[in-house]
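Work through the exercises below with the model open. Try each task before reading its solution.

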Amino acid sequence: MTTRVSDSLLDSLLSLSEDERLEVIASLSPAEAERLLYDWHGLWARPDQLPPDWPWFVWLILAGRGWGKTRTGAECVREWAKRYAYVNLIGATADDARDIMIQGESGILAICPADERPRYMKSDRLLIWPNGARSLIFTADEPERLRGKQHEKLWADEIAAWRYEESWHQAMMGLRLGDSPQAVVTTTPRPIKIVRDLIADKRNHV
């Protein structure tokens, strides 16, 4: 299992000049370099791209293009899949789920190191993680397919572009497994009802 870069190494790198950092990085073994490349929580993420440090139900990320919404959602799924068996995904469309959330340049397959990368079963709409965790892949265009499905964790992408609000309601009814059901929602802002309701929901605030 890929481990996070040690705090001492991070502190050392951050204290160096750019030239000195490049020299240190060039001296790393392939395994050490990989740890740096994939250490989202310790090295690459901004503070606002890390989950809130208080108990939350829905983490709503409203941001424009270039903020890093997809990477943040994918990293949430990567981290959750280490501890939870049912970490599911909902895209605005089937193409979006495949091309952005899973196969995109900031999607799940791209941000996972080889020993954490799930197997993508396209025809089954499924990710199977190395530890046996499973991620079902849904599209908001098919709210009926979400009926009766249960989740421990969810990543819902571009909810402001979903055609059917019913998809969200079905997903929320199934978000009830495990010790801490949670959903991360990544979306471009739009002043529509579903977004306003998420902002107003007291479960999503301190």
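**Exercise 1. Decide whether Gln-182 is buried or exposed, then find its partners.**

Step 1. Gln-182 has a relative accessible area of 9%. Buried means under 20%, exposed over 50%, and partly exposed in between, with a 1.4 Å probe and protein chains only. Gln-182 is therefore buried.

The model is predicted: local features need pLDDT of at least 70, side-chain atom pairs count only at pLDDT 80 or more, and totals for chains, interfaces and linings use all residues. Residues are numbered from 1 along each chain as its sequence is written, and side-chain values use heavy atoms, with hydrogens and water left out.

Step 2. Place the residue. Gln-182 is in strand E7, residues 182-187. Strands (E, at least two residues) and helices (H or I, at least four) are DSSP runs, numbered from the N terminus.

Step 3. List the contacts, meaning heavy atoms within 4.5 Å. Beyond its neighbours within four places in sequence, Gln-182 touches Trp-56, Phe-57, Trp-80, Glu-152, Lys-153, Leu-154 and Leu-175.

Step 4. Pick out polar contacts. These are pairs of N or O atoms within 3.5 Å; within protein, one must be able to donate a hydrogen and the other to accept it, and residues adjacent in sequence count only if both atoms are side-chain atoms. The side chains of Gln-182 and Lys-153 make one at 2.7 Å. A polar atom of the Gln-182 side chain also lies 3.0 Å from the backbone oxygen of Trp-56.

**Exercise 2. Describe the rings around Trp-56.**

Step 1. Apply the criterion. Rings of Phe, Tyr and Trp (its six-membered ring) pair if their centres lie within 6.5 Å; planes under 30 degrees apart are stacked, over 60 edge-to-face, the rest tilted. The structure holds three aromatic pairs.

Step 2. Trp-56 and Trp-59 are edge-to-face, at 6.0 Å centre to centre and 65° between the planes. Both are buried.

Step 3. Trp-56 and Trp-80 have centres 6.4 Å apart and planes at 35°, so this pair is tilted. The pair links distant parts of the chain, 24 residues apart: Trp-56 is in the loop between helix H4 (40-44) and strand E1 (58-62), Trp-80 in helix H5 (residues 69-80).

Step 4. Combine them. Trp-56, Trp-59 and Trp-80 form one aromatic cluster.

**Exercise 3. Explain why Cys-76 and Cys-112 are not bonded.**

Step 1. A disulfide needs two cysteine sulfur atoms within 2.5 Å.

Step 2. The sulfur of Cys-76 is 12 Å from its closest cysteine sulfur, in Cys-112, which is too far for a bond.

Step 3. The structure holds zero disulfides.
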